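Please open the structure in your viewer and keep the sequence panel visible beside it. The tour below goes from one selection to the next and says what is found at each stop.

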Amino acid sequence: MLKKALTAFILPFLFLLSSSGAGSANPVAQKQKSPDNHPAEAGTTGILQTMIIENGTATMELDLNRLNGINVAPQRQEQLRFGIAANSFFSILVFNDLLRGPEQGSMALIPQGSSPAGVNNMPAALGASFKQLTIGKLPSSEQFDLAVREAKTGFTFFNIQGHQYDYDAGAQSLTVNGGKLTMSQDFANGLGRPSDVGAMVGEISVGAVMQPVEIKELANGELKGVTMPPLHSTAGAEAPAATHGPDVIVGDLPNLEQQGSDGTQVGLAVATTSCNNGDQPLDWFQLPNTDHPVIPQNLYRMSGGTDNTERFEQIGQSWLKHAFFALEDTVCNTCNTNNCQTGSHLCPGCSDPYSANLNGDQGQIGSRAWVNPFTGSFPSNANDHSGHNHTGTSHRILVEADDLNTTLNQGASYFAEAQYVTPHEYAWCQTHPAECNMFNNASYRKYNVSGTTNFSFNPDGDTARMQPAIRAWTGATVNRIEPDPGNDGIWFMGYKVTNPSPGVWHYEYALYNENLDRAIQSFTVPLAPGVNVTNVGFHAPPQQPAFANDGTFNSQGYGSTPWTPAQTANSLTWNCETLAQNQNANAIRWGTLYNFRFDADQPPQATSATVDFFKTGSPMTVAIQAPAGNGTPTPTPTPTPTPTVSPTATPTATARPTPTPRTTPIPRSRPTPPTRPTPPH
């Protein structure tokens with residue numbers, strides 16, 4: 001269980017690195033194991049500070065010739081200067097004024113005074129990401145200690161080698177010197193120069209003023225006191241600011257695990273760390289109280305085409321974890337417990353971890369069918385497991401083993417996603433319409449997969465916060481759609497057109513429903529005159545099987561019948577059954593992504609698709625690309641959402657009990673700690 005005792009979580013860092021009288025640290029020594037693998041040592045006395053960046057600068061010296069694959073002398077040097085965003089999620093541990101090493105995280109880089117010519121002479125991918133670069137401290141399982149990455153996608157441009165850390169306690173300053181920028185495998189492959197992996201293309205240095213965010217006093221290995229100093233503000237610094245109101249986000253997805261198998265399928269679970277990014281306490285009352293977040297988990301695969309980015313598919317989905325007892329940790333920000341009832345609330349700036357084992361605990365997982373994803377409402381019996389038995393895959397992220405088999409999926413990329421849905425954000429939004437924080441609750445992280453029947457997973461890059469996984473689809477156009485603002489949630493339209501061979505264009509569409517309660521029932525692509533369409537396809541993730549008390553109509557489970565394509569002279573439509581035909585039809589419900597595809601003999605043009613909904617609401621048009629045709633192209637309608645008359649999001653047809661009013665939280669199996677709790681093991 002990830003909710004560890006506070007001393008067991010912090011103290012191991014103090015002994016994993018050898019002391020250095022000058023306060024410097026060798027990055028090789030800092031590739032320590034997880035603190036979970038080490039017991040706390042007794043007898044330790046002193047002051048442990050967790051420090052973050054108050055302000056700083058970074059400088060890169062790039063050899064543009066080498067970067068562009070030109071092996072000539074003399075070198076063509078370009079200096080790039082950056083500011084470091086204040087309060088970046090990059091922290092260090094300092095014990096008795098000696099640096100004990102950085103923690104996993106990243107510092108955002110803000111370009112300053114770099115020449116436009118230098119940026120324009122970079123490879124296109126690096127130039128396009130120039131304003132979104134980060135320096136990331138990598139997990140101990142990675143080959144490198146630091147890397148330069150794209151903030152949104154996690155794409156690695158350079159690995160950093162040979163650097164040294166140095167900390168000056170008097171000035172509270174951290175420097176990173178002597179770093180060599182070497183080309184990553186992702187970047188080299190993207191440039192079509194795989195032989196350049198590991199090539200040195202420049203140098204990097206960092207200087208930063210640090211400030212403590214948490215000071216712990218230890219005596220003989222025991223925590224005696226905690227101080228949280230106020231953060232200093234820096235004029236002109238682009239520091240991330242807390243939002244108004246309660247705002248739960250997924251701050252980290254630390255690990256992904258296989259936890260069972262059943263025939264040709266496996267059951268997975270991903271660890272999640274939530275953060276309250278808002279300035280108000282977030283309700284966290286445990287069942288049978290219904291005012292707490294629920295946590296669905298998903299898995300996606302990007303594959304196909306010459307570069308394995310042609311399609312982006314969901315290959316697994318779980319039921320959802322019901323949150324209970326918030327631990328007030330500091331993964332995302334400074335934790336502020338003032339005027340906040342800890343445990344029953346996630347306090348502003350605080351974080352709360354759930355291990356993969358806890359998120360995959362079959363007895364504590366409830367069905368998605370009970371939940372209205374827009375309002376966050378569900379009944380008090382939403383995790384009823386009476387009347388059914390569990391196999392190794394039940395309720396966990398259900399995935400076909402063949403979709404993970406590395407022999408069958410060479411070069412594919414995998415992304416885990418989690419989302420927190422809470423009724424408190426909806427209630428706050430209703431009374432504070434200018435402070436709605438309901439649409440940033442999903443985050444994703446890329447994972448490398450190993451295995452053919454039993455699988456292991458290693459993270460590849462940092463967690464991409466506050467974005468659904470569809471944003472990781474390389475080269476695709478992804479648009480957010482809100483069909484009925486204020487009354488229902490959002491979904492995303494993604495599409496990508498490739499030209500795999502002369503005269504053939506492949507059209508790939510992905511529809512992702514984040515928290516749209518009404519669900520999606522049909523998808524229509526217009527076809528211009530003279531277009532010939534072949535290889536029409538459809539993909540959806542496996543549905544959880546039917547279980548007693550699973551919230552679906554008559555506990556029959558959701559259907560898995562593939563959507564049927566129907567082609568006319570001017571359109572191609574896929575659809576499932578309507579609500580009137582089958583309440584459990586295979587609609588695109590919340591937290592799921594479905595794919596539609598075909599090949600055509602004509603190139604793309606801008607047009608609009610039509611999407612119809614399952615429960616309520618009129619059809620709407622959305623912008624896409626579709627075949628242009630060899631006749632007169634069809635007019636391009638304006639993609640405007642069609643409002644509906646529905647005053648509120650409509651729950652599923654299954655009758656649901658009225659949600660339980662907020663009550664005093666009922667103690668769970670883990671003991672309730674005091675005001676500044678030492679979380680139990």
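**A buried glutamine**

Select Q297 to begin: this residue is buried, with a relative accessible area of 1%, where buried means under 20% relative accessible area, exposed over 50% and partly exposed in between, computed with a 1.4 Å probe on protein chains only. The model is a predicted one, in which local features need pLDDT of at least 70 and side-chain atom pairs count only at pLDDT 80 or more, while totals for chains, interfaces and linings use all residues. Residues are numbered from 1 along each chain as its sequence is written, and side-chain values use heavy atoms, with hydrogens and water left out.

Q297 belongs to strand β19 (residues 294-303); strands (E, at least two residues) and helices (H or I, at least four) are DSSP runs, numbered from the N terminus. Now show the side chain of Q297, which reaches the backbone nitrogen of V270 at 2.9 Å, and which has a polar atom 3.3 Å from the backbone oxygen of N359. Both are polar contacts, that is, pairs of N or O atoms within 3.5 Å; within protein, one must be able to donate a hydrogen and the other to accept it, and residues adjacent in sequence count only if both atoms are side-chain atoms. Leaving aside residues up to four places away in sequence, the residues that Q297 touches include W319, R368, I397 and E417, contact meaning heavy atoms within 4.5 Å.

**Strand β9 and its partners**

Next select residues 156-161, strand β9, of which 5 of the 6 residues are buried, so the strand is largely enclosed by the rest of the structure. Strand β8 (residues 146-150) runs antiparallel to β9 and is joined to it by 4 bridges; two strands pair if DSSP finds at least two bridges between them. Within this pair, A147 stands opposite N159, and in the hairpin, which has 5 residues between the strands, G154 takes a positive phi near 80°. β9 is also joined by 4 bridges to the antiparallel strand β11 (residues 173-183), where L181 stands opposite I160.

**The nonpolar cores**

Keep L181 selected and add M60, L67, I92, L126, L133 and F158: these residues touch the most other members of the largest nonpolar core, which has 40 residues. Such a core is a set of buried Ala, Val, Leu, Ile, Met, Phe, Trp, Tyr and Cys residues joined through side-chain atoms within 4.5 Å. A second, separate core of 37 residues includes L299, A326, Y354 and L404.

**Two open sheets**

Which strands form the open sheet of 3 strands, and in what order? The order is β14-β17-β22, with antiparallel pairing. β14 (248-252) and β22 (351-354) stand at the edges, each with a single partner strand, so one side of each is left without a neighbour in the sheet. Neighbouring strands here are turned by 30° against each other on average, direction ignored, with axes taken as lines fitted to C-alpha atoms, for helices over the stretch in contact, and angles running from 0 to 180 degrees between N-to-C directions. To see one pairing, select S274 and its bridge partner in β22, D352.

Finally, display the open sheet of 5 strands, whose order is β33-β34-β31-β36-β37, again with antiparallel pairing. Its edges are β33 (564-567) and β37 (620-627), each of which has a single partner strand, so one side of each is left without a neighbour in the sheet. The average turn between neighbouring strands of this sheet is 25°, direction ignored. Strand β31 (residues 520-526) pairs with strand β36 (residues 604-613) over 4 bridges, and S522 stands opposite D612 in β36.
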